[in-house]
Amino acid sequence: MSFYNNEELPFVKKCEGIILDAKYSNKITLFRFLNKREIEILHSLKDDTIIYIDSCGDEYKRAIVAPFEIKPEFKTILLKLNYNKKYLTPNHRMILGSLMSLGIERNTIGDIYITTSNDVYFYATKEIEPYLISELRVIAHQAVELEETSSIDGEIKRDIKTKDAFVASLRLDLICAQIFNLSRSEAQELIKNKDCKVNQRIIDNTSYELHEHDVISLKGYGRGSIEAVGGISKSGKIFVNLAKMI
């Protein structure tokens, strides 16, 4: 169990129960959307069962645990948000906040995409489609409506701000301070308070060593990543290109 954080143990126990149901009761279980860390945990526990992972989205996917080979039905839908672009400029936080205000659970919504032409798409569980279409009528005081679609039309927008920096090491506290414009002591306090995730896993060790392409989430500050790690300066510092989602 040392592989898992204490905060992850309820999900671990849930997965263990589902895997036992598959193994001894031939039960097939369809998960709601799981993040990458949850999928990693599920794979680590799978035993003799078969796990199918949905191909939708990049960060959030549905999974099926089965005792034998099946033709998986993930019941995932892609919805497009229609609205007057003259009066509304959407962002991820706005869309997710509006969805959560309907009283649904986060794991019923998958990845949210906004294209360069400001078209909004998101994945959802088929089970809540009627409710979403019926209830999501207004965002930021502007009328909206949803329709089911089969594909995303257009180039996905990446709302990020990048910066180059030289750092003494790839310690978590140093990189957090750089990405989120914090002092090192502020970053350390947040990490120790378990407000930091690396690749969706809670990390409370301030000296945790990061790697290229790691994604860091800091509660109240958003998300960032190490886009690239370069060479070492004459003074021994490491060049990094960092990104913050805006």
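Two strands are taken to pair if DSSP finds at least two bridges between them. On that basis, V229 stands opposite V240 in β14. The model described here is predicted.

**The six-strand sheet**

V240 belongs to an open sheet of six strands, ordered β9-β14-β13-β12-β10-β11 and paired in antiparallel fashion. Its edges are formed by β9 (160-167) and β11 (201-202), each of which pairs on one side only. Helix α5 (residues 172-179) packs on this sheet and touches β9, β10 (196-198), β12 (215-218), β13 and β14. The direction of α5 makes about 55° with that of β14. Within the sheet, strand β13 (residues 222-232) and strand β14 (residues 238-245) run antiparallel and are joined by six bridges.

**The three-strand sheet**

A further open sheet has three strands in the order β1-β3-β2, again with antiparallel pairing. Here the edge strands are β1 (29-30) and β2 (50-53), each pairing on one side only. Helix α2 packs on the sheet through contacts with β2 and β3, and its direction makes about 160° with that of β2. Strand β3 (residues 63-66) runs antiparallel to β2, to which four bridges join it. One partnership in this pair links I51 with V65 of β3.

The strand pairs for which bridges are given may be set side by side.

| Strand pair | Bridges | Direction | Partner residues |
|---|---|---|---|
| β2 and β3 | four bridges | antiparallel | I51 and V65 |
| β13 and β14 | six bridges | antiparallel | V229 and V240 |

Residue T29 lies in strand β1. Its relative accessibility is 13%, and T29 therefore counts as buried, the limit being under 20%. Beyond its neighbours within four places in sequence, T29 is in contact with I18, A63, I64 and V65. V65 is also the bridge partner of I51.

**Packing of α1 and α2**

Two packed helices are described by the angle between their axes and the distance between the axes. For helix α1 (residues 9-25) and helix α2 (residues 36-45), the angle is about 45° and the axes are 10 Å apart. The two helices are therefore oblique to each other, and their crossing is right-handed. On the α1 side, the contact is made by F11, V12, C15, E16 and I19, while α2 contributes E38, I41, L42 and L45. Classified by residue type, this contact has seven nonpolar and two charged residues, with no polar ones. Helix α2 thus appears in two settings: it packs with α1, and it packs on the three-strand sheet, touching β2 and β3.

Technical notes:
Residues are numbered from 1 along each chain as its sequence is written. This is a predicted model: local features need pLDDT of at least 70, side-chain atom pairs count only at pLDDT 80 or more; totals for chains, interfaces and linings use all residues. Side-chain values use heavy atoms; hydrogens and water are left out. Axes are lines fitted to C-alpha atoms, for helices over the stretch in contact, and angles run from 0 to 180 degrees between N-to-C directions. Angles under 35 degrees count as roughly parallel, over 145 as roughly antiparallel, 65 to 115 as roughly perpendicular and the rest as oblique. A crossing is left-handed if the near helix is turned anticlockwise from the far one by less than a right angle, and right-handed if clockwise. Contact means heavy atoms within 4.5 Å. Ala, Val, Leu, Ile, Met, Phe, Trp, Tyr, Cys and Pro count as nonpolar, Asp, Glu, Lys and Arg as charged, and the others, Gly among them, as polar. Buried means under 20% relative accessible area, exposed over 50%, partly exposed in between (1.4 Å probe, protein chains only).
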